[in-house]
Amino acid sequence: MNLKETLRYLGYRGKEADEQTLKLIGECWEELEEKTQRRACFREFPLVFLEDRIDMGCLQTESRDLRKNLEGCSLVVLFAVTLGVMADNLIRRYSRLEMSRAVVMQAAAAAMLEDYCDQVNEELRLEYEKRGMFLRPRFSPGYGDFPLGCQPALLGGLEASKRVGITLTDSYLMMPSKSVTAVIGVSKERRSVPRCSGQGGTPEASKEERGAGKCLECNKKDCLYRRKTI
């Protein structure tokens, strides 16, 4: 159970949760672990920088933020993970029966999804480092100026509907809702992870530092869920 991340999604910033909330978080995590089916898929594509666009094989896009993230890379890994439909079903069920539990279930599912993204990302990192290659922080449609309109091409390139059951609404929302897509750059050069202190990071940076680093990569400074940096 990732208590710290769940509390962050619940808005506990610098505040302690009461015993009832902590108990509810534990129960929600236990139910999610028992009933959800986590699934992931990913594929490698060549990366080409055109004059005004980025070509990632199955999709092209204009994005200065993504271009900056991928600078120096020759490959990308397109990545999709999901907790499956049961997470949505549990949240919907408790929204009718017990709203306080639904709110905590929503936060616990978000934290669990983030943990699963990190787990799959770490497995990829280890595999690529065996090949002498290094990964950049994952970058999702909707971050910065990377448009959500890329979702159909990204999911299509992954065959995500067939492989892990992720589909899109007309407004590019993923179903199941507890799903994430991302682009991960692959480079022959190791780029250090930003540290919370603003000093140069190292490959051995802690999970907390890597998490803060992901927030430092994002330009949305007013995000409610932004990790604290010092």
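Which strands does helix 6 lie across? The legends below take this up, along with the rest of the sheet and a helix pair.

The model is predicted, so local features need pLDDT of at least 70 and side-chain atom pairs count only at pLDDT 80 or more, while totals for chains, interfaces and linings use all residues. Residues are numbered from 1 along each chain as its sequence is written, and side-chain values use heavy atoms, leaving out hydrogens and water.

**View 1. The open sheet.** Here 4 strands line up in the order 1-5-9-6, with antiparallel pairing. (Strands are DSSP runs of E, at least two residues, and helices runs of H or I, at least four, numbered from the N terminus; two strands pair if DSSP finds at least two bridges between them.) Strand 1 (39-46) and strand 6 (134-135) sit at the edges with a single partner strand each, so one side of each has no neighbour in the sheet.

**View 2. Strand 6 meets strand 9.** Strand 6 is joined to strand 9 (residues 179-187) by 2 bridges. Leu-135 has Val-186 in strand 9 as its bridge partner.

**View 3. Helices across the sheet.** Helix 6 (residues 151-158) lies across strand 1, strand 5 and strand 9, at about 90° to strand 5. Helix 5 (residues 99-130) lies across strand 1, strand 5 (75-82), strand 6 and strand 9, at about 150° to strand 5. (Axes are lines fitted to C-alpha atoms, for helices over the stretch in contact, meaning heavy atoms within 4.5 Å; angles run from 0 to 180 degrees between N-to-C directions.)

**View 4. Helix 2 against helix 5.** The axes of helix 2 (residues 19-35) and helix 5 come within 9 Å, crossing at roughly 60°.
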